[in-house]
Amino acid sequence: MRLSIVNLFKKMPNGNIFIGKYKILPKFRYWMRRELLDDIKREEQNMLYLRHHYLSHEQIKGYRYDLKKGEAFFQKVITAKKSNFPKHIKLEQQLGVLRNMESWEDYK
């Protein structure tokens, strides 16, 4: 009974104590601050790399050209894959044998 009296006077949020409008916030520890500062430093370094990239515009164009060298190989692979499939056949070619009873004058 004594424990329940202590709990009555303790100020607690309604509902779940970890989520919502009136939640209990964790204490801010020294390692949390260190992790936050490390994240900020990492973001600053990433932004520095994005602002000052090491390739010039001419080097970027050359790099893109080197990427296109592999396209011939991929075209060979694509044509090899397409060669495994049969040729496209039209419906008229398939059903052309049914027209043999018609006269030559009606054939269009």
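Is isoleucine 17 buried, exposed or partly exposed, and what is its relative accessible area? Select isoleucine 17 and take a look: this residue is partly exposed, with a relative accessible area of 24%. For the cut-offs, buried means under 20% relative accessible area, exposed means over 50%, and partly exposed lies in between, using a 1.4 Å probe and protein chains only.

Before moving on, a word on what you have open. This is a predicted model, where local features need pLDDT of at least 70 and side-chain atom pairs count only at pLDDT 80 or more, while totals for chains, interfaces and linings use all residues. Residues are numbered from 1 along each chain as its sequence is written, and side-chain values use heavy atoms, with hydrogens and water left out.

Stay on isoleucine 17 for a moment. You'll find this residue in the loop between α1 and α2. Leaving out residues up to four places away in sequence, isoleucine 17 touches Met12, Lys23 and Ile24; contact here means heavy atoms within 4.5 Å.

Now zoom out and colour by secondary structure. The chain has 5 helices and 0 strands, in the order α-α-α-α-α from the N terminus. Helices (H or I, at least four residues) and strands (E, at least two) are DSSP runs, numbered from the N terminus. Just 1% of the 108 residues count as buried. The chain exposes about 12,100 Å², with carbon and sulfur atoms supplying 61% of it; these areas come from the Shrake-Rupley method with a 1.4 Å probe, and for residues only the protein chains shown count as cover.

Next, colour by pLDDT, the predictor's confidence in each residue, from 0 to 100. The chain's mean is 81, and 86% of its residues reach 70 or more. Among the elements, helix α1 (residues 2-9) has the lowest mean, 69, and α2 the highest, 94.

So select α2, residues 30-51, and find leucine 37 in it. Leucine 37 is partly exposed at 36%. Phe28, Leu36, Leu37 and Ile40 form a nonpolar surface patch with about 400 Å² of accessible area together. Patches are made of residues with over 30% relative accessible area and no salt bridge; like charges are joined within 9 Å, and nonpolar side chains (Val, Leu, Ile, Met, Phe, Trp, Tyr) within 5 Å.

Last stop: select arginine 42 and aspartate 39. They form a salt bridge, with the closest N and O atoms 2.9 Å apart. A salt bridge is a side-chain nitrogen of Lys or Arg within 4 Å of a carboxyl oxygen of Asp or Glu, and the structure holds 1. Both residues lie in helix α2, 3 residues apart, about one turn of the helix. Arginine 42 is partly exposed at 47%, and aspartate 39 is partly exposed at 37%.
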